[in-house]
Amino acid sequence: MFTLRKVVLALVLVSLCAACSSSSSDDGSSENKDSYDRGDLLVNLADNIIIPAYQDLNTNLKTLKADKDAFVASPDQAHLDALRTSWLASYKVWQSVEMFNIGKAESLLYGFQMNVYPTSVQEVEANIASGSYDLTHPNNNDAVGFPAVDYLLFGVAADDVAIVNVYNDAKYTKYLSDLIDQMQALTETVLNDWTSSYRDVFVSETGNTATSALNKFTNDYVFYFEKGLRANKIGIPAGNFSSTPLPEKVEGFYSKVYSKTLALDALDASQNVFNGKAYATSTTGESFKTYLQFLDRQDLVTQFETQFDEAREKLNMLNDDFYTQVTTDNTKMTEAYDALQKIVVLLKVDMLQAFNISVDYVDADGD
């Protein structure tokens, strides 16, 4: 009897140990049990995707800054057109960068400084009127970045002649100048951190813990796709999270014709990261896709390919101006949302489970 008790006790202890081990694995705090080389994936992300994208954005923002300086010095239609062109070029590249909310970008709240929309016209105009503002203050997150420049270049007056005339007022030229200078300076700060030190830190964190590089990056990627792309670009304007559609909340509201362009660029960038495609070339390397294939999950890879194609097809059916799309035929917007939602499920449930990575953010939108 005494021996039987010891055997039972031993079995209980083994069960408890197994349960503890399982719990550790479930919360993402244990080392990954598969033998995939996460370091190669991190190197491909850093060297071939993230850093080149930041470099391109910084180059484009320097061009935007130069075109802004020319416009401020001589406000006219030609300089306004050039400034709008370089704004759009920079905004398109931003779609490849916004998902990289890690390292210096996270600590600076870089994304909030670059692309909170809709912009607050009231706050923009109040800042301009006062001539005194701290653009880095969180209260100004919706009065800075690409959306604020969108307003200043396309929506500050009724037509192009009136817009050019606005910039005879030094307060407007100063605010426009300060916004663009800040965008370029912030970008250069983040880029310099990557190239000077953070790159080596990033590629060295190969473990599977809540704070390791791949776990954080993967969560940031999934969060961006779910919130930044699916919700912000499509779901919120379409009314998926409200009782009625909110067309005024589209990206590129004042320029009118770039909502679809920016959404498609964001989808392409997201798929390129999934596939490990280099930012500036057609070469591919280690990626979420190859990680899944290593785990014998080609079934998931095939589903991703199908759903990315479906989402792109649905986005291509939309009007260039999402405001017009929402107000004339919102059904097509909700169909695009549904197609993106299928990818969210694959990312947030199937892929994260395959990688043994836990979600590290709170989801409050009920999806």
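Helices are DSSP runs of at least four residues, numbered from the N terminus. By that rule, Q307 has its place in helix α13, which covers residues 298–316. The model described here is predicted.

The protein contains 15 helices and 0 strands. It has 367 residues, and 48% of them count as buried. Contacts often link distant parts of the sequence. Among contacts between residues at least 6 apart in sequence, 77% join residues at least 24 apart.

Helix α13 offers a starting point. Q307 in this helix has a relative accessible area of 14%. Buried means under 20%, so Q307 is buried. Leaving aside neighbours within four places in sequence, Q307 is in contact with A339, K342, I343 and L346. L300 is also found in α13. Its relative accessibility is 1%, so L300 counts as buried. With neighbours within four places again left aside, L300 is in contact with L292, L346, D350 and M351. One of these partners, D350, is 50 residues from L300 in sequence. In space, the C-alpha atoms of L300 and D350 are 7.7 Å apart. L346 thus appears in the contact list of Q307 and in that of L300.

Several of these partners belong to helix α15, which spans residues 330–355. Helix α15 has 26 residues. From its first C-alpha to its last it reaches 36 Å, close to the 38 Å expected at 1.5 Å a residue. The helix is bent by about 30° at L347. Just after α15 comes N356, whose phi is positive. The value is about 60°, although N356 is not a glycine. N356 is found in the segment after α15. With 18% relative accessibility, N356 counts as buried.

Helix α13 also packs against α11. The axes of α11 and α13 come within 10 Å and cross at roughly 170°. Angles over 145 degrees count as roughly antiparallel, and the two helices are therefore roughly antiparallel to each other. On the α11 side, the contact is made by K260, A263, L264, L267, D268, Q271 and F274. On the α13 side, it is made by F304, F308, A311, R312, L315 and N316. The residues of this contact divide into 8 nonpolar, 2 polar and 3 charged. The spacing of such residues follows from helix geometry. An α-helix has 3.6 residues a turn, so residues three or four places apart point the same way.

Another residue of α11 is S270. At 0% relative accessibility, S270 counts as buried. Not counting residues up to four places away in sequence, S270 touches M99, Y221, Y224, F225 and L229. S270 also lies 7.5 Å from S96, C-alpha to C-alpha. In sequence, S270 and S96 are 174 residues apart.

The loop between α10 (213–238) and α11 (259–275) holds K256. This residue has a positive phi of about 80°, although it is not a glycine. Its relative accessible area is 37%, so K256 is partly exposed. N356, by contrast, counts as buried at 18%.

A second helix pair is formed by α6 (residues 121–130) and α7 (residues 145–155). Their axes come within 11 Å and cross at roughly 75°. That makes α6 roughly perpendicular to α7. In α6, the residues that meet α7 are V121, V124, E125 and I128. Their partners in α7 are A148, Y151 and L152. The residues of this contact divide into 6 nonpolar, no polar and 1 charged.

The stretch before α6 has a feature of its own. P118 lies in the loop between α5 (110–114) and α6. The peptide bond from Y117 to P118 is cis, with omega near 5°.

How values were computed: Residues numbered from 1 in each chain as written. Predicted model: local features only at pLDDT ≥ 70, side-chain atom pairs only at ≥ 80, totals over all residues. Heavy atoms only, no water. Axes fitted to C-alpha atoms, helices over the stretch in contact; angles between N-to-C directions. Parallel < 35°, antiparallel > 145°, perpendicular 65-115°, else oblique. Contact = heavy atoms within 4.5 Å. Nonpolar A, V, L, I, M, F, W, Y, C, P; charged D, E, K, R; others polar. Expected span 1.5 Å × (residues − 1). Bend = angle between axes of the 7 residues up to and from the residue. Buried < 20%, exposed > 50% of the residue type's maximum accessible area, 1.4 Å probe, protein only.
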